[in-house]
Amino acid sequence: RTRRPSDPEEVFFAQGAVDSSAMADTQYDYDYFVLGAGSGGVRTSRIAATHGARVAVVECAPLGGTCVNVGCVPKKLMTYGAHFTDEVAGAHAFGWNVEQPTLDWARFIENKNNEILRLNGIYKKILENAGVTIIYGKGAFVDAHTIEVTSESGEKKTYTAKYINIAVGGWPFVPDIPGKELGITSNEAFYLKERPKKVLIVGGGYIAVEFAGIFHGYGAEVIQVYRGEQWLRGFDCDVRKHLEEEYRKQGIDLRFNTNCTAMAKNAAGGITCTLTDGSTVDVDVAMFATGRKPRTADLRCEAAGVKLDKDGSVIVDEAFLTNAPSVYAIGDVINRMQLTPVALAEGHCLSDTLFGGKPRKTD
């Protein structure tokens, strides 16, 4: 069937309510309580509910998680928009006389925001149609069967569940350098009120590389610094080198074996960034794309006896079970493959295993 390019995979399950019959262990409020309504959390909640479980999911941010709100979907929309200048430039050779386009950044951001709101609504409908209870607030462990939720107003309420799933995802990591508060991350990059004229991007992973191309496509002067000798670690070497050559050809200023050591406000209202070679660059926007960390700091995992590794990732076995026999974890928070389709598969497998009588694992 025809699909809109920015729709999440989940959209096709938004039709029709599901009869969620009780399979209850009545000593608990719910059979399954999910912390986080991102891609993995929504999928595992919906599948568990269709198997008849009593399910609740708690979320303190817009539904859909990183992918829908500050990841894959808005990134694709920005990438599409960044390509238009190249397409217009090539139109002349095909016989088209096209005037030089002008950019209304505010209109683009408004349209992008409206599309994200539409998708938030789809996720809400998906969960409601499946019979999942949506609880808005921040969840934290009381014990291995109990979650305390703090609402935006500060009101606290506890819920009990036979099983709890940690699916809170990750958060951008910002290095501890002087003036770091002046920089932005990918979270804020999607909501800039004005298109920056000059940008410094710190980092060499795919998020950094994508945003360098996006800002350049929208007409900004881009400097990208990376502490290593070659960016995109883990990708094919030919791809890494080819992309470097193409970015340099386009005029993006790439500086490898270089990092940012400090940021400070300057007299012009911009940011002066000091680099490891002692030089400085003045920019409108400085963006950190320096990795992501599991978002476990405020979950009080120790109250449930859930063990974390040194970077805050939840430690699980191949069945996504933590060392607490009633607590599971999926998605970016377990720091394996930080990809939306992986979180979807993990959540689906887990709910099939726990509630569907179909034990299975991801491969």
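Visitor: Why is leucine 339 called partly exposed?

Guide: In this predicted model, leucine 339 has a relative accessibility of 39%, and because partly exposed covers the values between 20% and 50%, leucine 339 counts as partly exposed. Its place is the loop between strand E16 (327-329) and helix H10 (340-355).

Visitor: What makes leucine 339 part of a nonpolar patch on the surface?

Guide: A patch takes residues with over 30% relative accessible area and no salt bridge, and joins nonpolar side chains within 5 Å. Leucine 339, at 39%, therefore passes the cut-off for area, and the patch that it forms with Tyr206, Phe235 and Met337 has about 390 Å² of accessible area together.

Visitor: How do you know whether isoleucine 126, in helix H5, is buried or exposed?

Guide: The relative accessible area of isoleucine 126 is 1%, and since buried means under 20%, isoleucine 126 is buried. Along the sequence, isoleucine 126 is 83 residues from arginine 43, while in space their C-alpha atoms are 9.4 Å apart.

Visitor: Why is leucine 232 called buried, although it lies in a loop?

Guide: The word rests on area, and leucine 232, with a relative accessible area of 5%, falls under the 20% limit and so is buried. This residue sits in the loop between E9 and helix H8 (237-250).

Visitor: What is there to say about phi in leucine 232?

Guide: Most residues other than glycine have a negative phi. In leucine 232, by contrast, phi is positive, near 55°. Asparagine 257 also has a positive phi, near 55°, and lies in the loop between E10 and strand E11 (260-265).

Visitor: What makes E10 and E14 the edge strands of the open sheet?

Guide: The sheet has 4 strands in the order E10-E9-E8-E14, with parallel pairing, and strand E10 (253-256) and strand E14 (285-288) are its edges because each pairs on one side only. Neighbouring strands of this sheet are turned by 15° against each other on average, direction ignored.

Visitor: How do you know that strand E8 pairs with strand E9?

Guide: Pairing requires at least two bridges, and 5 bridges join strand E8 (residues 198-202) to strand E9 (residues 221-226), so these strands count as paired. As an example, isoleucine 201 has glutamine 224 in E9 as its bridge partner. Helix H7 packs on the sheet, where it touches E8, E9 and E14, and its direction makes about 165° with that of E9.

Definitions and conventions. Residues are numbered from 1 along each chain as its sequence is written. This is a predicted model: local features need pLDDT of at least 70, side-chain atom pairs count only at pLDDT 80 or more; totals for chains, interfaces and linings use all residues. Side-chain values use heavy atoms; hydrogens and water are left out. Helices (H or I, at least four residues) and strands (E, at least two) are DSSP runs, numbered from the N terminus. Axes are lines fitted to C-alpha atoms, for helices over the stretch in contact, and angles run from 0 to 180 degrees between N-to-C directions. Contact means heavy atoms within 4.5 Å. Patches are made of residues with over 30% relative accessible area and no salt bridge: like charges are joined within 9 Å, nonpolar side chains (Val, Leu, Ile, Met, Phe, Trp, Tyr) within 5 Å. Accessible areas come from the Shrake-Rupley method with a 1.4 Å probe; for residues, only the protein chains shown count as cover. A salt bridge is a side-chain nitrogen of Lys or Arg within 4 Å of a carboxyl oxygen of Asp or Glu. Buried means under 20% relative accessible area, exposed over 50%, partly exposed in between (1.4 Å probe, protein chains only).
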